[in-house]
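Work through the exercises below with the sequence and the coordinates at hand. Each task is followed by a solution in steps.

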Amino acid sequence: MALDDTKKIKDFKVVGTRPNRPDGIDKVTGRARFGADMVAPGMLTGRILRSPHAHARILRIDTSKAEALPGVKAVVTRADFGDVPDHVADVMDNCMAGAKALYDGHAVAAIAANSAAVARKAIRLIEVEYEVLPHVTDVDEAMKPGAPVLHEGRQQETVPEGLSGNVIARSEFGHGDIEAGLKQADRVVERTYRTGATHQGYIEPHACLATMSADGQGDLWVCTQGHYMVRNVCAAILGMEQGQLRVTASEIGGGFGGKTVVFLEPVALMLAKKSGRPVKMVMSRSEVLRATGPTASSSIDVRIGMKTDGRITAAFAELRYQGGAYPGSPVDMGSMSAFAPYDLENVKTVGWDVVSNRPKAAAYRAPGAPMAAFAVESAIDELAKGFGLDPLAVRLMNGAKEGTKASYGPTYPAIGLMATLEAAHTHPHWTAPLGENQGRGVACGFWFNFGGDTCVSLNVTPDGTVTVSEGNPDIGGSRASMTMMAAEELGIPYDQVRTVIADTGSLGQNEVTDGSRVTFAVGLATIEAARAAKREMCKRAAMIWGIDADAVEWEDGAARPAGPNAGKFPPMTLKEIAAIASNTGGPIAGHHEVNAEGAGVSFGTHMVDVEVDPDTGATKILRYTVFQDAGRAVHPAYVEGQFQGGAVQGIGWALNEEYIYGEDGILQNAGFLDYRIPVASDLPMIDTVILEIPNPGHPYGVRGVGETPIVPPLAAVANAVSAAAGVRMTRLPMSPPRVLAAIQEAARG
Amino acid sequence: MSRIHVTTTINGDETEFLCDAEATLLDVLRDELGLTGTKEGCGTGDCGACSVTVDGRLLCSCLMLGAEAEGREIATIEGMAAGEVLHPLQQKFIEMAALQCGICTPGILVAAKSLLERNLDPSEEEVRYWLAGNLCRCTGYDKIIRAVMETAADMRRAS
């Protein structure tokens, strides 16, 4: 749907303000119900037995002792599920191992018992006989011909001969002639960059409560980013019809992409089916880290050529991502986003999707893009500094704008990259003085953004207040944003609208809360649903006035006669029309169903100052500023919150966070003590600058903002640390020992 | 398996419960007493989502046994507002968008209240270090720190 140019910024009454969120009081008083907060009469506790091996054939599972334990009501293994459709085969295998356990923590059996204590005891009584197999957890090792192979027969035809069966697919994007471009360069940087696997680190562990009746009807309460996805996947795995499984989304305690897939849910439903009782399952933190969906670790080669004036002549990257135990790492999105901020004549990426004995990667905020940006933005920084050029000026010279043909194919409409760069260049942060051992870094980032299947139903109550039903879990204030857009469109106050997240029985299909899609796509559908309700209300007013519906228009919350022959009638407000709706044709509602397109790509530029302690290698973040295009900021405080949260997750990825596997293939840091995410005392305030370059694909110009903020910080921090330490850092995380070793090696020359 | 009888005070109300010897205070609050406002994020004392005060001392309820609550005064998030009237911190967190998903919010509010009871004029650094045991993954802490500082300023003006 096109940008509605008649709606200028100055005309907005609600959009752009900062009202209190409708779920605020519940969340500050402890009343909000998250995944683990629900109970059902007679419910059992479910628990999962997990593989202690990184790679092992499952020879035998004996559950008889567990089944005999008093209080145990059901035991489930893979055999209970039978054959499942191909499109959910890997999901099934990840939820419950079949022939092999493929990573430390892989589920192999589950039980439901009448108490947590019995459940814990019963799990230990399940006997599993394993044949331990050689394993591989490093992406470069996993690609070698002799590496232990996880799956036979999964390699795609795009992969040339001679590589390990763990290499699943090869992709290529770009245009121009790389070698010819590199020949024109005055200098070429060629480096390899590596990033560790990180976890989304949402504070709420996965949880669900399942019931299943003998007649095949099921109900599921679950913390998820997409309850419609949960319904569809679980129905396929359990052989149910989708209409028979009703899924209700709880409040969600963070997701960042990690709650876009199922782990416990099919198992809980199967336990509920076998026991005939409601079954609640809640993961421990260790289970979350060992056996949900962290991001890919990566190994990336970059070659970029530049003229002395800063013009990039050619850019090439080869990206290798291990995405855990099943195909589908985010390497393609990494490849497509790697050079997306630049207008390049000669550009190419080659991507390799690799499996290894780690948990299957799930999405993590702009999946695949941060590590690619780390590599590319580091190389550009190095080239710019090598020529003594201003790194922002180099980006301004090469940056993508309207009409640029992106490295991954499309030609951009109006985009905001240049606006973020110009804002950064003129911001006081850019010229603030730095002290000893301090450095400043900048980097750009890109994300595609997404629309997708969306349904919204808007109902006018008899007293003239409005309810909006939408199908996307609210992960950061989206109920407030939908309420604002509905109020804006209807011309009524914010507090006259309430938005609820409907269950799967109440609306058509809705895509997962992902791809920064909700404020854009659900917002668009909300606006259209409100417009449909307005058309109906104009029709009712026309009926009362005895004029054509075409001669009525909606303005400031009321129907008004319009046009030369409409006659003179006093406006009828929404409340007045609603009050007599029963006599004018019945209840008034509007709805909209759409596969939303035109999400509008997103760009940001980050700037950070750090201080590196030369004696310990420890890095302190001193100052941080985010510049990003929001299209139109519906609720600016929540836009700032997305910028700040994404930046800090990126800081964690850059400095601290990493999955550490031992030689035995076992995850060594499966807890928040050793997998250390940033805490309040690690950080300064995170300053934000919101740019508003309207998205031509949304009536109010909205772009998604959630994902882009995690793309630049890895590189921005690395560029700052490299400047402060006087040595180029090419591996994340830049933990103190790594930085110290780099400083000492550089000192030795 | 015999259970332990405990008499304690929770949010000012005398409360009795039975618990297993191994049950944590967090288990008791959530599973026995239905006080699910206190959250479990890790179960190992690393995330602070289960923060409560016991006899005025801030601690992680996952690190204390339910049986140890005998004779103590426990305060949870459910006791922070006075009926419909929110505590100034609660009100400020809503107004300043200091929560996104809200899962860490109860623990952070309990911890922040405990800080302001000791020090109504904390520096930014003092707030950051006091809250260093409360993980938040959504906000980057910026708006949380600002909300605590603003609340402290309001309360100083009001006192």
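The exercises concern a predicted model and go from a sheet to a helix pair and then to one loop residue.

**Exercise 1.** State the strand order of the open sheet of seven strands in chain A, and find its edge strands.

Solution. Step 1: the order is β3-β5-β1-β12-β9-β10-β11 (chain A), and the pairing is mixed. Step 2: β3 (72-76) and β11 of chain A each pair on one side only, and these are the edge strands. Step 3: from one strand to the next, the twist averages 20 degrees.

**Exercise 2.** Decide for two strand pairs of this sheet, β10(A) with β11(A) and β9(A) with β12(A), whether they run parallel or antiparallel.

Solution. Step 1: strand β10 (residues 218-222) of chain A is joined to β11(A) by five bridges, and the two run parallel. In this pair, A:L220 stands opposite A:V247. Step 2: strand β9 (residues 207-212) and strand β12 (residues 279-282) of chain A share four bridges and run antiparallel. Here A:A207 stands opposite A:V282.

**Exercise 3.** Describe how helix α7 of chain A connects to β10(A) and β11(A), and which face of β11(A) is covered.

Solution. Step 1: β10(A), helix α7 (residues 227-238) and β11(A) form a β-α-β unit that is right-handed. Step 2: α7(A) packs on the sheet and touches β10 and β11 of chain A; its direction makes about 150 degrees with that of β11(A). An angle over 145 degrees counts as roughly antiparallel, so α7(A) is roughly antiparallel to β11(A). Step 3: in a regular strand, side chains alternate between the two faces of the sheet. In strand β11 (residues 245-249), A:L245, A:V247 and A:A249 make up the covered face, while A:R246 and A:T248 make up the uncovered one.

**Exercise 4.** Classify the crossing of α10(A) and α11(A).

Solution. Step 1: the axes of α10 (residues 331-338) and α11 (residues 369-386) of chain A come within 8 Å and cross at roughly 40 degrees. Step 2: α10(A) is therefore oblique to α11(A). Step 3: the crossing is right-handed. Step 4: the contact involves A:M333, A:G334, A:S335, A:S337 and A:A338 of α10(A), and A:A369, A:M371, A:A372 and A:V376 of α11(A).

**Exercise 5.** Is A:D37 buried or exposed?

Solution. Step 1: A:D37 is found in the loop between α1 (24-29) and β1 (44-50) of chain A. Step 2: A:D37 has 22 other C-beta atoms within 10 Å. Step 3: a residue with 20 or more counts as buried, so A:D37 is buried.

Note on methods: Residues numbered from 1 in each chain as written. Chains lettered and ligands numbered in written order. Predicted model: local features only at pLDDT ≥ 70, side-chain atom pairs only at ≥ 80, totals over all residues. Buried ≥ 20, exposed ≤ 12 C-beta atoms within 10 Å, placed from the backbone. Pairing = 2+ DSSP bridges. Right-handed = clockwise from strand over helix to strand, strands pointing away. Axes fitted to C-alpha atoms, helices over the stretch in contact; angles between N-to-C directions. Parallel < 35°, antiparallel > 145°, perpendicular 65-115°, else oblique. Left-handed = near helix turned anticlockwise from the far one by under 90°. Contact = placed C-beta atoms within 7 Å.
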